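Good morning, and thank you for making time for this item. I shall take the structure on the screen step by step, beginning with a term that we need for the helices.

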Amino acid sequence: MTEINVELAVAVVSAAFSLCAGIYSARANRKAREFEHELERRRKAEDEVAAALRILRQYRDPLLDAAHTLQSRIYNIVQQSYLNIWLRCGDPEEERYARDYTVYALAEYLTWVEIVRRELRFLDVGDEDHNRQLMALLAKAQRTIQSSALTGPFMVFRGHQRAIAEVMMVPTGAPDGPRHECMGYATFCRRLDEDENFRVWFDRLRREVDELLDRGRDDRLVRLQNDLVDLIDHLDPKALRIPAQYRARIPLPTGIPVQATH
């Protein structure tokens with residue numbers, strides 16, 4: 001083999017090694033980028049799940065309290081004849097409280113549900129059964145409220161549920177923690193008296209409380225009370241906040257129609 005051929009062979013082999021090294025390096029770099037991308041995706045997912053869990057912990061107690069307030073008011077109306085006793089008792093203050101606090105209890109619950117929904121809107125709540133069950137229970141109560149197939153008052157379609165929550169929300173002004181909360185009952189009553197644009201969202205619901213006095217038992221209220229007890233059992237399974245004796249269920253009548261949504 002001549003000297004030129006040797007040099008040519010060496011050059012070819014060197015080029016081949018360089019090409020192989022380049023291909024290997026490119027593949028290694030691509031795999032490294034893919035690995036880094038996957039790590040970043042996992043970190044983001046873990047951060048979202050952690051943020052979702054933090055939000056759920058922050059709002060668990062007010063959501064639990066609101067669900068208990070509403071289910072307790074429904075139980076007293078259906079099982080204890082609360083409205084029959086107080087809505088026409090002759091005392092204007094007590095009659096107003098019977099009517100407006102019933103409406104407030106529903107509005108307060110809708111507000112905390114909407115606050116949770118907004119806070120979790122862009123987050124992954126994770127794959128834990130507990131979180132999925134919470135979302136399912138909230139959706140179940142929402143469908144009960146909006147169902148046109150159930151008899152009774154307080155049929156509020158989904159968009160109106162969110163609108164009521166919107167007018168009930170007040171900013172906390174806190175740099176950390178919950179950004180919104182639900183207005184208190186005193187503020188609610190004052191707004192009903194002074195703000196017609198606010199009051200219009202509740203006029204029909206207030207009338208329906210009066211109509212309840214002559215209607216008797218209604219499927220929507222009974223089903224909603226059971227839905228809320230399911231939610232309470234989920235949020236407070238050990239009955240640390242709401243004792244078991246305050247979770248009595250109204251018996252569900254047979255033949256309640258399948259829920260229809262709007």
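The expected span of a helix is 1.5 Å times one less than its number of residues. With that in hand, please look at α4, which has 18 residues and reaches 26 Å from its first C-alpha to its last. This is close to the 26 Å expected at 1.5 Å a residue. I should say at once that we are discussing a predicted model.

Which residues of α4 are buried? They are Asn-131, Leu-134, Leu-137, Leu-138, Ala-141, Thr-144, Ile-145 and Gln-146.

Let me place this helix in the chain. The secondary structure comes to nine helices and two strands, and along the sequence the pattern reads α-α-α-α-α-β-β-α-α-α-α. The chain has 262 residues, and buried residues make up 37% of them. Of the contacts with a separation of 6 or more, 76% are between residues 24 or more positions apart.

I turn now to the largest pocket. Its volume is about 280 Å³. It is lined by 15 residues, and Val-113, Arg-117, Leu-138, Ala-139 and Gln-142 are the closest to its centre. Leu-138 has already appeared among the buried residues of α4. Which helices each supply at least two residues of the lining? These are α3, spanning 92-119, α4, spanning 129-146, and α5, spanning 158-168. By class, the lining holds nine nonpolar residues, two polar and four charged.

The next topic is the aromatic residues. There are eleven aromatic pairs in the structure. One of them joins Phe-188 and Phe-202 in an edge-to-face arrangement, with 5.1 Å from centre to centre and 85° between the planes. Phe-188 belongs to helix α6, residues 185-194, while Phe-202 sits in the loop between α7 (196-199) and α8 (203-215), so the pair ties together parts that are 14 residues apart in sequence. Are these two rings' residues buried or exposed? Phe-188 is buried, its relative accessible area being 0%, and Phe-202 is likewise buried at 0%. Both residues also belong to one aromatic cluster, which includes Tyr-97, Tyr-101, Tyr-104, Tyr-185 and Phe-198.

Phe-188 also leads us to a charged residue. Asp-100 is located in helix α3. Because its relative accessibility is 0%, Asp-100 counts as buried. What does Asp-100 touch, once residues up to four places away in sequence are set aside? It touches Tyr-185, Phe-188, Leu-192 and Arg-206.

Helix α6 also contains Arg-191. With a relative accessible area of 24%, Arg-191 is partly exposed. Leaving aside neighbours within four places in sequence, Arg-191 is in contact with Val-167, Met-183 and Phe-198; Phe-198 is a member of the aromatic cluster just described. The C-alpha atoms of Arg-191 and Met-168 are 10.0 Å apart, with their positions 23 residues apart in sequence.

Finally, we come to the segment after α9 (219-235), where Pro-253 is found. Pro-253 is partly exposed, at 28% relative accessibility. Its C-alpha atom is separated by 9.0 Å from that of Arg-223, although the two residues are 30 apart along the chain.

That concludes the presentation, and I welcome your comments.

Conventions
Residues are numbered from 1 along each chain as its sequence is written. This is a predicted model: local features need pLDDT of at least 70, side-chain atom pairs count only at pLDDT 80 or more; totals for chains, interfaces and linings use all residues. Side-chain values use heavy atoms; hydrogens and water are left out. On a 1 Å grid over the protein atoms alone, a cavity is a set of points where a 1.4 Å probe fits but cannot get out, and a pocket is an open set with protein on both sides within 12 Å along at least five of seven lines; lining residues have an atom within 4 Å of a point. Grid points are joined across faces, edges and corners, and a volume is the space filled by probe spheres set on the points. Helices (H or I, at least four residues) and strands (E, at least two) are DSSP runs, numbered from the N terminus. Ala, Val, Leu, Ile, Met, Phe, Trp, Tyr, Cys and Pro count as nonpolar, Asp, Glu, Lys and Arg as charged, and the others, Gly among them, as polar. Rings of Phe, Tyr and Trp (its six-membered ring) pair if their centres lie within 6.5 Å; planes under 30 degrees apart count as stacked, over 60 as edge-to-face and the rest as tilted. Buried means under 20% relative accessible area, exposed over 50%, partly exposed in between (1.4 Å probe, protein chains only). Contact means heavy atoms within 4.5 Å.
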